[in-house]
Amino acid sequence: MGVRYCGYLFICFILIISSGCSASFAKRQDGDNVHKKVTITLSAAASLQDALRTIQKQYDKKQNHTEVIFNFGGSGTLKQQIREGAPVDLFFSADEGNFRELVDQGLIKKKKNVLGNQLVLITSRKSANKLLDFNALTSSKVHQLAIGTPDSVPAGTYAKQTLTSLELWSRVKSKIVYAKDVRQVLTYVETNNVDAGLVYKTDAMQSDKVKIVKSAPAKSHDAIIYPLGVIKTTKHKKEAEAFFHFLQTKGALQIFQKYGFTILNKK
């Protein structure tokens with residue numbers, strides 16, 4: 001009887017210890033889940049990358065539960081990726097056209113026009129050609145002019161509109177070198193591989209290797225507007241909407257201004 005009783009006590013002791021360990025393990029697992037970071041993806045126009053990376057640092061200081069990763073490129077290309085089901089949570093476009101297509105297809109939930117920009121003509125500081133204005137692009141001394149591919153790069157669309165409005169497109173079309181995004185145009189000019197390029201003012205401001213020749217007349221192209229939206233199919237609605245709103249806070253907008261963007265709908 002004594003042996004049985006001791007054995008019974010031993011089994012009870014083991015069960016109590018096991019239950020305690022299981023509870024402790026479950027609690028620890030729950031704690032790990034609470035602190036597990038959620039990763040969200042923002043597909044954004046290439047011209048936004050410097051400003052967004054700076055804002056990202058501020059966001060990381062503010063919270064520690066969401067990691068934001070960026071997918072930069074031409075807005076047309078990014079739009080197509082989203083249409084084909086790419087796992088994206090937010091879209092920050094450099095034009096309304098590509099953005100509106102996704103809205104019309106029901107792929108954008110929350111949206112807001114946040115920023116504006118300017119289109120400028122640039123040359124390399126090392127260039128021997130001293131361009132003074134857009135008309136100089138017709139000179140025989142100018143052999144190549146870089147712009148973004150109009151079908152997929154908004155800056156390229158604005159560039160073509162400007163050159164057409166100034167009645168220069170047919171005269172410089174043979175000189176055009178197309179780029180996959182506005183940053184590639186900037187690189188072509190920085191390295192003096194082309195004589196000139198058309199980029200956003202914000203891109204030109206970030207390089208000490210190029211100089212701005214002239215700003216495109218405001219009425220020579222569509223208004224340059226950057227809409228921001230949350231993708232309807234996001235699996236991280238709470239985190240995506242939190243970053244959506246953070247990008248419109250006073251601190252974030254001041255950073256955008258620092259990089260040369262104009263702020264729309266100031267409160």
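**Note on the helices and sheets of the model**

1. Helix H3 (residues 75-83) lies across strand E1 (38-45), E2, E3 and E10, and its direction makes about 120 degrees with that of E2. The model is a predicted one, and the points below should be read accordingly.

2. The strands under H3 belong to an open sheet of six strands with mixed pairing, in the order E2-E1-E3-E10-E4-E11. Its edge strands are strand E2 (66-73) and strand E11 (262-263), each of which pairs on one side only. Within this sheet, strand E3 (residues 90-92) and strand E10 (residues 225-231) are paired in the antiparallel sense over three bridges. Phe-91 is found opposite Gly-229 in E10.

3. A further open sheet has five strands, ordered E7-E6-E8-E5-E9, and its pairing is also mixed. Strand E7 (176-179) and strand E9 (210-215) stand at the edges; each has a single partner strand, so one side of each is left without a neighbour in the sheet. On average, neighbouring strands of this sheet are turned by 35 degrees against each other, direction ignored.

4. In the five-stranded sheet, the pairing of strand E6 (residues 145-148) with E7 is in the parallel sense and runs over four bridges. Ala-146 has Val-177 of E7 opposite. Helix H5 (residues 154-165) packs on this sheet, where H5 touches strand E5 (119-124), E6, E7 and strand E8 (196-200). The direction of H5 makes about 120 degrees with that of E8.

5. Helix H7 also belongs in the description of the five-stranded sheet. H7 lies across E5, E6, E7, E8 and E9, and runs at about 145 degrees to E8.

6. Which helix is H7 linked to by a salt bridge between distant parts of the chain? The partner is helix H2: Asp-50 forms a salt bridge with Arg-183, with the closest N and O atoms 2.5 Å apart. Asp-50 is in helix H2 and Arg-183 in helix H7 (residues 182-190), and the two residues are 133 residues apart. The count of salt bridges in the model comes to four.

7. Helix H2 (residues 49-62) also packs with helix H10 (residues 250-258): their axes come within 9 Å and cross at roughly 150 degrees. H2 and H10 are therefore roughly antiparallel to each other, and H2 passes H10 in a right-handed crossing. On the H2 side the contact is made by Ala-51, Leu-52, Thr-54, Ile-55 and Gln-58, and on the H10 side by Ala-252, Ile-255 and Phe-256. By class, these are six nonpolar and two polar residues, with no charged residue in the contact.

8. H2 has a contact with helix H9 (residues 237-246) as well. Here the axes come within 12 Å and cross at roughly 120 degrees, which makes H2 oblique to H9. The crossing is right-handed. From H2, the residues Ile-55, Gln-58, Tyr-59 and Lys-62 meet Ala-242, Phe-243 and Phe-246 in H9. This contact divides into five nonpolar residues, one polar and one charged.

9. Taking the two helix contacts together, Ile-55 and Gln-58 of H2 meet residues of H10 and also appear in the contact with H9. Asp-50, in the salt bridge with Arg-183, likewise lies in H2.

Terms used: Residues are numbered from 1 along each chain as its sequence is written. This is a predicted model: local features need pLDDT of at least 70, side-chain atom pairs count only at pLDDT 80 or more; totals for chains, interfaces and linings use all residues. Side-chain values use heavy atoms; hydrogens and water are left out. Axes are lines fitted to C-alpha atoms, for helices over the stretch in contact, and angles run from 0 to 180 degrees between N-to-C directions. Angles under 35 degrees count as roughly parallel, over 145 as roughly antiparallel, 65 to 115 as roughly perpendicular and the rest as oblique. A crossing is left-handed if the near helix is turned anticlockwise from the far one by less than a right angle, and right-handed if clockwise. Contact means heavy atoms within 4.5 Å. Ala, Val, Leu, Ile, Met, Phe, Trp, Tyr, Cys and Pro count as nonpolar, Asp, Glu, Lys and Arg as charged, and the others, Gly among them, as polar. Two strands pair if DSSP finds at least two bridges between them. A salt bridge is a side-chain nitrogen of Lys or Arg within 4 Å of a carboxyl oxygen of Asp or Glu.
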